Amino acid sequence: MAKSMKVLIIGAVAAGTAAAVKIRRQSEDAEVVLYEKDRYISYGTCGLPYFVSGEIESIEDLIVNTRERFEKRFNLRVNVFHEVTGIEPEKNQISVKDLKTGRQFDDSYDRLIITTGSVPIELKFDGKLIGNIFTLKTIDDAVNLKNYLDRLNEENKPGKSALLIGAGFIGLELLEIFLNRGYEINIVEKTSQILPMFDNEIIEYLEKYLMEKRINLYKEDEVSGLAEVRGNKAVSVETIKGKIIKSDVIFLAVGTKPDVKLARDSGIKIGKSGFIAVDEYMKTNFENIYAAGDCCECENRISGVKRSYNLAAIAGRQGRIAGINAAGGREKFSGSIVNSIVKVLDLAVAKVGLSSKEAAAIDNDADFIEIHRSSHAEYYPGADMIHMLIVFNKNSGRILGFQAIGRGGVDKRTDVVSTAIRGDLKIWELADLDLGYHPAYGSARDPVNMLGLVAGNLKKGEVDFLSVEELKEKIRNTEKITILDVRTKREYDQGHINGAMLIYIDDLRKNIDKLDAGREIIIYCKTDYRSYLGYKILKNLGFKNVKVLNGSYLSWMRKI
Ligand SMILES: Cc1cc2nc3c(=O)[nH]c(=O)nc-3n(C[C@H](O)[C@H](O)[C@H](O)COP(=O)(O)OP(=O)(O)OC[C@H]3O[C@@H](n4cnc5c(N)ncnc54)[C@H](O)[C@@H]3O)c2cc1C
């Protein structure tokens with residue numbers, strides 16, 4: 001890199017700071033200047049909900065680097081409270097406004113990196129954001145929300161209520177705060193399920209769990225306006241279905257949009273997705289302008305879809321690549337398989353790759369298996385059930401996606417499957433992975449090994465599945481089928497599928513004449529092992545039309 005090289009970076013959180021430190025590591029000579037319109041740089045956005053909840057006591061704990069420390073360590077300049085208001089690509093120049101003094105000036109660059117991120121979508125009522133409606137994006141947002149909730153607490157008013165408009169990751173992370181403070185909680189969600197990027201098969205567990213916690217869920221409904229306003233506070237809102245919902249505090253979690261106005265206005269190409277279009281070197285349509293993070297596209301390696309996935313790890317990786325290339329290097333960003341995990345109360349909900357809905361749109365041979373296994377050996381205290389769903393191509397074995405929900409061990413299994421996807425392992429190769437076993441941490445056959453074993457059996461024709469949805473359809477159509485429960489009488493008495501015949505697995509052979517071989521037989525147990533044994537017994541005895549209920553009774557119930 002030439003000594004005179006000057007790199008300007010717009011935005012100084014995840015992608016901007018990653019780019020800056022990489023440039024400095026590439027070269028001691030480059031002049032690096034960051035412009036950030038906010039007061040803070042380089043902070044842990046992902047920890048903001050836990051500052052609001054009080055789990056993280058001081059906002060200082062979220063600040064990874066202060067401006068002074070960052071400048072000193074990396075020998076660069078950070079201008080906070082400075083908004084970049086224009087880019088002139090032909091002149092290699094930007095316009096800047098000092099938000100404290102109002103001074104406007106221009107700055108020139110050899111290379112420019114845009115990391116303007118995203119902003120929450122705000123619903124403004126009568127054109128303004130009412131005083132008890134909040135979003136959460138910046139440190140100031142978190143401090144405002146926390147202060148408001150603390151003041152509300154001091155009022156000592158009984159029967160407080162919180163309304164969540166939209167049920168994405170950030171909104172769900174805040175539930176804990178409202179629940180711990182004894183609020184009535186209402187969620188209004190436009191679509192038919194919360195976390196719409198997941199499969200309903202996984203989300204049903206979460207929705208039932210929230211309802212158990214007395215959280216009211218209004219799906220396929222939208223807030224249409226404010227029903228009652230006192231001062232600058234919305235006392236209640238109205239939905240398009242005509243529901244009036246009380247609200248001491250309203251949290252808007254209807255999603256984010258990329259902050260791309262600056263780029264668009266200066267002729268930088270915006271992709272069909274609405275995010276800044278970049279090539280694999282993170283370069284925009286201008287030779288010396290790069291972009292990284294939430295504001296720009298990232299290619300999903302499985303679906304090929306280009307958009308931002310709003311994940312901190314992707315922003316950091318893209319920032320690093322933009323830094324390398326802006327400093328004269330030539331490294332490619334390899335896309336992402338999009339691994340995300342969220343904490344909802346005491347549950348972890350995770351997804352990597354595609355849901356079965358998303359996979360079906362690109363692959364006619366996409367199939368899925370549902371499996372439930374303990375996070376570690378059941379006999380060791382503290383084991384929790386992990387409910388898993390893996391999506392794959394049934395011919396090639398390519399793993400297309402994985403989702404899981406549970407209390408413990410969800411992160412580990414998701415990351416193992418994520419690594420397997422990245423390494424192009426076939427689903428049945430998961431059976432042979434060497435995964436560490438101690439009763440406190442896993443099982444001799446880890447849940448991930450089980451995914452591979454079950455998929456292997458499916459491939460070899462040693463088992464055949466019917467999904468819960470398919471079974472429900474058959475029941476709705478009053479098809480003549482036999483639903484066979486091979487659990488114990490005690491388990492059956494505690495709950496079973498309506499109309500199911502009970503024959504305990506160990507009694508199946510001697511009761512075989514009770515089954516009509518001419519009918520389709522669908523077997524289930526609690527998880528899948530006993531129904532798999534039942535399947536083998538019936539098939540070996542000549543029954544032709546036998547299927548195992550995918551995920552068995554736990555999938556039928558979908559209860560955590
Ligand atoms: C509450 C919350 C929780 C989250 N939790 C997780 C999580 O658990 N896991 C996860 O992977 N991701 C999480 N995310 C997402 C993650 O924080 C983002 O993906 C990441 O911050 C994106 O980094 P970025 O640098 O691209 O953009 P941003 O963090 O949005 O930073 C962009 C910066 O650019 C500045 N800027 C914009 N325009 C200008 C301008 N014209 N001039 C000067 N400065 C400008 C902005 O002020 C901003 O500071 C969470 C996000 C939020 C809000």
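**Domains, ligand shell and Ile481**

The domain assignment, automatic or from a database, divides the protein into domain 1 (6-117 + 257-326), domain 2 (133-254), domain 3 (346-459) and domain 4 (465-557). The model is predicted: local features need pLDDT of at least 70, side-chain atom pairs count only at pLDDT 80 or more, and totals for chains, interfaces and linings use all residues. Residues are numbered from 1 along each chain as its sequence is written.

Domain 1 and domain 2
- The centres of domain 1 and domain 2, taken over C-alpha atoms, are separated by 31 Å.
- Nine residues from domain 1 and twelve residues from domain 2 make up the contact, where two residues count if their C-beta atoms, placed from the backbone, lie within 7 Å.

Ligand shell
- The ligand is surrounded by 32 residues, each with its C-beta atom, placed from the backbone, within 6 Å of the ligand.
- Gly11, Val13, Ala14, Gly117 and Gly293 are the closest.
- Domain 1 and domain 2 each give at least three residues to this shell.
- Elements that each supply at least two shell residues include helix H1 (14-26), strand E2 (31-36) and helix H8 (312-326); helices (H or I, at least four residues) and strands (E, at least two) are DSSP runs, numbered from the N terminus.

Ile481
- Ile481 is part of strand E27 (residues 481-485).
- Ile481 is partly exposed because 19 other C-beta atoms lie within 10 Å; 20 or more would make a residue buried, and 12 or fewer exposed, with C-beta atoms placed from the backbone.
- Leaving out residues up to four places away in sequence, Ile481 touches Lys474, Arg519, Glu520 and Ile522.
- Between Ile481 and Ile522 there are 7.5 Å, C-alpha to C-alpha, although they are 41 residues apart in sequence.
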